[in-house]
Protein chains: 2
Amino acid sequence: MKKILFLLFLCPLILKAQNHSENIQKIFNYELTEGHTYENLRYLCKEIGNRISGSPQAAAAVEYTKQLMESYGFDTVYLQPVMVPHWVRGGKEQAKVLNSSKLGAVDLNVLALGNSRGTGPNGLVGEVVEVYGIEGLRKLEDQVKGKIVFFNQPMDPTLINTFQAYGGANGQRGSGAAEAAKFGAIAVLVRSLTNRVDDFPHTGNQRYNPDYPEIPALAISTKDAELLSSLLKGQKDLKVYLQNNSMMKEEVLSYNVIGEIKGSEKPEEIIAVGGHLDSWDVGEGAHDDGAGCMQAIEVLRIYKEMGWKPKRTLRAVMWMNEENGLRGGQEYAKVAKAKAEKHIAAIESDAGGFIPLGFSSTGTEAQRSKLASWRDLFTPYNIWKFDVPGGGADIGPLRDQGPILIGLHPDSQRYFNYHHTAADVFEVVDQRELELGAAAMTALVYLIEQEGM
Amino acid sequence: MKKILFLLFLCPLILKAQNHSENIQKIFNYELTEGHTYENLRYLCKEIGNRISGSPQAAAAVEYTKQLMESYGFDTVYLQPVMVPHWVRGGKEQAKVLNSSKLGAVDLNVLALGNSRGTGPNGLVGEVVEVYGIEGLRKLEDQVKGKIVFFNQPMDPTLINTFQAYGGANGQRGSGAAEAAKFGAIAVLVRSLTNRVDDFPHTGNQRYNPDYPEIPALAISTKDAELLSSLLKGQKDLKVYLQNNSMMKEEVLSYNVIGEIKGSEKPEEIIAVGGHLDSWDVGEGAHDDGAGCMQAIEVLRIYKEMGWKPKRTLRAVMWMNEENGLRGGQEYAKVAKAKAEKHIAAIESDAGGFIPLGFSSTGTEAQRSKLASWRDLFTPYNIWKFDVPGGGADIGPLRDQGPILIGLHPDSQRYFNYHHTAADVFEVVDQRELELGAAAMTALVYLIEQEGM
């Protein structure tokens, strides 16, 4: 009798789990056979292209994603205004070793870093001091006055999660120019952040220190960083010429783009899922972060196609200006707070359209345990890592409003082959990998809207 | 006191596990910083290229891998003779829809399937009957006499393991011609085995039935399969022209290439690790299976570089003729039996140089449990699947000699983008993914030579 009572008690739980499992299977099957994510990404990459904040292409991407979500019949689609910085590269940079005793004059592959100032039309010439990251600069700070500081710390290739390797080396990119300027350097060259040795310079954000001069800051390809380093070993008076026309212009009005499906039972509880719509001004911003945006739109589109009514409110958000300001993420959180909205979860995909391994998260122990409790529902899809700390840049500002912050956690081996380069184009995104990520996010949103968080 | 005794008892076990964990970390760190796998694969792909059994390139690959293993100082490197079939494509095939009422004449992207006969220089013309796999042929067997049978069963895109989807659809490729010939068909066109819809035809093996005519068998790209299918819907008298010059020539003497490091404690216990050296005659055989060969050589090279002496004998084996005969795998097993060799494990990497997810295996419950017991040593490298059934084609013939058969189990999402096509070139292999596979295999070999199996 006890046993029967126990089984009766368990029955609804088992049925519910089975139901969830079946619905998640439906999501994956649907996405892998009739998904729109890949074709939508093709349009964004090929018809619009790269889209740095403040550019006409960013405005086009705002209009495209708005129209796309409207075409899918989401309950509400709207733009959230936000002022963004407008940095322009100003044409192709030049960098050249002038006087190698071995090779003579040698062109170097470079890209100005985001927010960098230009050298002026005549460029500049300086001797080069190579340092190993920001710590290396500290050791040689009395030797860099009037010179070009060459930050040449590689990413650590032994780290399996390449984002950790990126985190370990990107101090030199983010604040190399600010730090070198303190000691009188006239420019910085920064080794590109990738484990590959190739010809692609990787741009990315950097910030000046308002108390010191704003000196030109350029990324150099890893292959040319190795070359420059080897030339410097034999010749201390090596001179490099740099020329770029980058400049910061007036701020521009732009938008976060938001699409919503209202919850049927607890509409006040919001689940935001998104990516960032802006990209750097090279390549097509395919993995970073066209992929995340198109996956987020797909989550809500799948609900419409399935005819499912979520219990809680779902929101697809295309944040603007993640790359060089984070204004969109900040504005979104500010407005949410002002309106006293209740986000129970915010999910971002901004680690590329690669096969999903799991989810990273930041939240209370209860929130993270609940997330982890769903692991078995995902392992049939090779999604198994639920203990990774993390989240996403754009959702970070929501933290103090209490939602769990979740990042799609794809395999990271190839991400830094393309990140912030001319190589981040549609062709390097695999359709099935992208779709598996979209399905994973949809399945997670499904569980949260059903079960709460 | 009991507690202390218990701890003393546990101590060696804990130390051993820690030691294993540290050595595995050394393997991964070494491979990700100083691995040769990628550069060796570049040589095989770019300097030798594709290498079908019996071709001069296959002979070059034999010599290259022999010299490479000799240069690494393995204890023994030798060739194991084996006679292989020598099939030649005979130049570019032609396929054309002749009389589409919509489009007129339309060229189709095709590749003769392995072992196919040619049409003769004048080609052949026939009406087309579309069927859904071998089962579909059974339903229409009275309608195919004098016609071209068009097998158009797609792979099932909802299967996460794409090898399962491949297995579900490749009957039409392997025996489509043999079956269609029974009912008087004059040729077969077979939909390429990939989830993508693109212009690459995928070749692959097929076998004739000796009791029926050997009719030409060609793969058609998925995009052209969709086109042909749509044209047939509107026009039943559609005629297709096919021309190819493929033929089977005399058998050729070739070799398995074997490198060995003798075991220091139990040299009679052999662990074989390998891939197949032959490829199809298009592309560069990069993922299939240059990757596996170079990974296997790397396993033994790492031992030399580390200065490690394995307890048991390690053998890197490049099997010949996996693609269209399996002669190398069969000969290897035959010789092992004749010499009364004792293989305790045979490991093959033949699923592409993608990120390793785990290992597939076939063996006794005790063997498979032992393998699974090592799982925690691999999870730091995102390698976690130890329950997949499988092994490898070349190691299959060893089965009755008792070793556990193990396959490296990489992520399979991209494999069939390239498999057996002109697109399987060095550039579509990612260095870190390839290296992680090589390190995974080395770590597994390390555990087996230390712990036995």
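Which residue in β10(A) is the bridge partner of A:M83? Keep that in mind while we look around this predicted model.

## Before we start

This is a predicted model, in which local features need pLDDT of at least 70 and side-chain atom pairs count only at pLDDT 80 or more, while totals for chains, interfaces and linings use all residues. Residues are numbered from 1 along each chain as its sequence is written, chains are lettered from A and ligands numbered from 1 in the order in which they are written, and side-chain values use heavy atoms, with hydrogens and water left out.

Helices (H or I, at least four residues) and strands (E, at least two) are DSSP runs, numbered from the N terminus. Two strands pair if DSSP finds at least two bridges between them.

## The sheet that holds β1

In chain A, eight strands make an open sheet with mixed pairing, in the order β1-β10-β12-β11-β13-β16-β14-β15. The edges belong to β1 (76-88) and β15 (385-389) of chain A; each has a single partner strand, so one side of each has no neighbour in the sheet. On average, neighbouring strands here are turned by 25 degrees against each other, direction ignored. For such angles, axes are lines fitted to C-alpha atoms (for helices, over the stretch in contact), and angles run from 0 to 180 degrees between N-to-C directions.

Now for the opening puzzle: the partner of A:M83 in β10(A) is A:L253. β1(A) and β10(A) (residues 247-261) are antiparallel and share 12 bridges. Helix α3 (residues 56-71) of chain A packs on this sheet, touching β1, β10 and β12 (312-319) of chain A, and its direction makes about 5 degrees with that of β10(A). Helix α9 (residues 327-338) of chain A packs on the sheet too, and its direction makes about 140 degrees with that of β1(A).

## The sheet that holds β5

Another open sheet of eight strands in chain A follows the order β3-β2-β9-β5-β6-β7-β8-β4, again with mixed pairing. Its edge strands are β3 (104-107) and β4 (110-112) of chain A, each pairing on one side only.

Look at β5(A) (residues 124-131) to see the mixture. With β9(A) (residues 239-243), β5(A) pairs in the antiparallel sense over four bridges, and A:G126 has A:V240 as its bridge partner. With β6(A) (residues 148-151), β5(A) runs parallel, also over four bridges; here A:V129 is matched with A:V149. Further along, β7(A) (residues 187-191) and β8(A) (residues 217-220) pair in the parallel sense over four bridges. Helix α6 (residues 171-182) of chain A lies across β6, β7 and β8 of chain A, at about 160 degrees to β7(A).

## Two helices that cross

The axes of α2(A) (residues 37-48) and α8(A) (residues 286-306) come within 9 Å and cross at roughly 135 degrees. The two are therefore oblique to each other, as angles under 35 degrees count as roughly parallel, over 145 as roughly antiparallel, 65 to 115 as roughly perpendicular and the rest as oblique. Residues in contact (heavy atoms within 4.5 Å) include A:L41 and A:L44 in α2(A), and A:A291 and A:M294 in α8(A).

## Where the chains meet

Between chain B and chain A, 28 residues of chain B are in contact with 28 residues of chain A. The two chains bury about 2500 Å² between them, 55% of it on carbon and sulfur atoms. Buried area is the accessible area (1.4 Å probe) that two parts lose on being put together, summed over both. In chain B, the residues losing the most area to chain A are B:I160, B:W384 and B:R432, together 26% of what that side buries.
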